[in-house]
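Me: Could you walk me through this structure, one question at a time?

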Amino acid sequence: MSTNNGAMTVAAIGDLHVMEDSVAPYRELFIEISGEADVLVLCGDLTNFGKTSEAEILAEDIRHCSIPVLGVLGNHDYECGQPEHVAEILHEAGMTVLDEQAVEIDGVGFAGVKGFLGGFGRGELAPFGEPIVKAFVDEALNEARKLENALRTLRTERSVAVLHYSPTIETLEGEPPAIYQYLGSQRLADAIDRFDHVRAVVHGHAHHGKYQGETPRGTPVFNVAQFVCREKFGRPYALLEI
Ligand SMILES: [Fe+2]
Ligand SMILES: [Fe+2]
């Protein structure tokens, strides 16, 4: 809970993967988190297949949260081709689904996008050759651009960038290096590193990755996939002082 010198306690968890036969899967956890943090951030893969029935189950649990809930969707939430319906159900339950539009809570800014894949450094896919390759890279660039635009609208001294895909390979350690390029995009870090106010980046997606890393400019990055948090803390979420 907050806190010394005005810091905000942010709870973050990714990869909930709610299934349609789940019964109140996160209700107790969200009630616990409401007593420990000021804000709850969800880092995508909220549902397992992007079904509205899965979203409804999570929405009921979100209604039991007594602190602000915000976050982004993940690739699993796109699987049924209706991410806007999933987002709408979660929005109706009180969750702020970040995408292009940043929000400010008690002096802390939150900007987020799902992000996309595409690789890092020398492994980054370039927009060259076939139209489909260019379209793929365009998607990665577009997500990075949305994040940059959202971060630019913030007037707060402190902000958190919320992603599903990773902006760095550092938090992917533990995953097979052969799939790093499918787990995130360097372009997300490039967007984040244009700003001085980003105090932390949270992401999910890499279930077997490492908890902490940083962007090239040194902004702290946390992989808060629930499986990573459970291994690190013995509970499925991270608590960050912002
Ligand atoms: Fe996931
Ligand atoms: Fe994912």
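**Rings, metals and a sheet**

Reply: Happy to! The structure, a predicted model, holds 5 aromatic pairs.

Me: Nice start. What kind of pair do the rings of Tyr211 and Phe222 make?

Reply: A pair of rings is described by the distance of the centres and the angle of the planes. The centres of Tyr211 and Phe222 are 5.2 Å apart and their planes stand at 45°. Planes under 30 degrees apart would count as stacked and over 60 as edge-to-face, so the pair of Tyr211 and Phe222 is tilted.

Me: Which parts of the chain does that pair of Tyr211 and Phe222 tie together, and how many residues apart are they?

Reply: Tyr211 sits in the loop between β8 (198-203) and β9 (212-214). Phe222 belongs to strand β10 (residues 220-223). The pair therefore ties together parts whose separation in sequence is 11 residues.

Me: Tyr211 also forms an aromatic pair with Phe233; what is the angle between the planes?

Reply: Tyr211 and Phe233 have their ring centres 5.0 Å from each other, and the pair is edge-to-face. Phe233 is in helix α6 (residues 226-233), 22 residues from Tyr211. The angle between the two planes is 90°.

Me: Is Phe233 buried, partly exposed or exposed?

Reply: For contrast, Tyr211 has a relative accessible area of 8% and is buried. Buried means under 20% and exposed over 50%. Phe233 has 32% relative accessibility, so Phe233 counts as partly exposed.

Me: Which residues make up the aromatic cluster?

Reply: One aromatic cluster is made of three residues given here by name. They are Phe116, Phe136 and Tyr165.

Me: Let's turn to charges over rings. Which residue has its charged end over the ring of Tyr78?

Reply: Two such contacts can be described. Arg235 lies over the face of Tyr237, 4.8 Å from the ring centre. Over the ring of Tyr78, at 5.2 Å from its centre, sits the charged end of Lys114.

Me: On to the metals. Which residues coordinate the iron ion (ligand 2), and why is the arrangement called irregular?

Reply: The 4 donor atoms subtend angles of 88 to 152°, and this range makes the arrangement irregular. Along the chain, the donors follow the spacing D-x29-N-x88-H-x40-H. At 2.1 to 2.3 Å from the iron ion (ligand 2), the coordinating residues are Asp45 (OD), Asn75 (OD1), His164 (NE2) and His205 (ND1).

Me: Which residues are the protein donors of the iron ion (ligand 1)?

Reply: This site is irregular too, with angles of 89 to 168° among its 4 donor atoms. The donor residues are spaced D-x1-H-x27-D-x161-H in sequence. Lying 2.0 to 2.3 Å from the iron ion (ligand 1), the donors are Asp15 (OD), His17 (NE2), Asp45 (OD) and His207 (NE2).

Me: Which residue coordinates both the iron ion (ligand 1) and the iron ion (ligand 2)?

Reply: The two iron ions are 3.6 Å apart. The residue that coordinates both has a relative accessibility of 1%, so it counts as buried. That residue is Asp45.

Me: How many residues apart are His17 and His207?

Reply: His17 is in the loop between β1 (9-13) and α1 (27-34), while His207 is in the loop between β8 and β9. With 12% relative accessibility His17 counts as buried, whereas His207, at 23%, counts as partly exposed. Their separation along the chain is 190 residues.

Me: Finally, the open sheet of 6 strands: which strands stand at the edges?

Reply: The order is β5-β6-β7-β8-β10-β9, with mixed pairing. Each edge strand has a single partner strand, so one side of each is left without a neighbour in the sheet. The edge strands are β5 (103-105) and β9.

Me: In which sense do β6 and β7 pair?

Reply: On one side, β5 and strand β6 (residues 108-112) pair in the antiparallel sense over 3 bridges, and Val103 stands opposite Phe110. With strand β7 (residues 158-162), β6 has 5 bridges, and Ala111 has Ala161 as its bridge partner there. The sense of pairing between β6 and β7 is parallel.

Me: And how many residues of β6 are buried?

Reply: Val108, Phe110 and Gly112 point one way, with Gly109 and Ala111 pointing the other way. Both groups are buried. The strand β6 is mostly covered, and the count of buried residues is 5 of 5.

Terms used. Residues are numbered from 1 along each chain as its sequence is written. Chains are lettered from A and ligands numbered from 1 in the order in which they are written. This is a predicted model: local features need pLDDT of at least 70, side-chain atom pairs count only at pLDDT 80 or more; totals for chains, interfaces and linings use all residues. Side-chain values use heavy atoms; hydrogens and water are left out. Donors are N, O and S atoms within 2.8 Å of the metal (3.2 Å for Na, K and Ca); water is not among the atoms, so sites may look incomplete. Four donors count as tetrahedral if all angles lie between 85 and 135 degrees; four count as square planar and six as octahedral if opposite donors are over 155 degrees apart and all others between 65 and 115; anything else is irregular. Buried means under 20% relative accessible area, exposed over 50%, partly exposed in between (1.4 Å probe, protein chains only). Rings of Phe, Tyr and Trp (its six-membered ring) pair if their centres lie within 6.5 Å; planes under 30 degrees apart count as stacked, over 60 as edge-to-face and the rest as tilted. Helices (H or I, at least four residues) and strands (E, at least two) are DSSP runs, numbered from the N terminus. A charge sits over a ring if NZ of Lys or CZ of Arg is within 6 Å of the ring centre and within 35 degrees of the ring normal. Two strands pair if DSSP finds at least two bridges between them.
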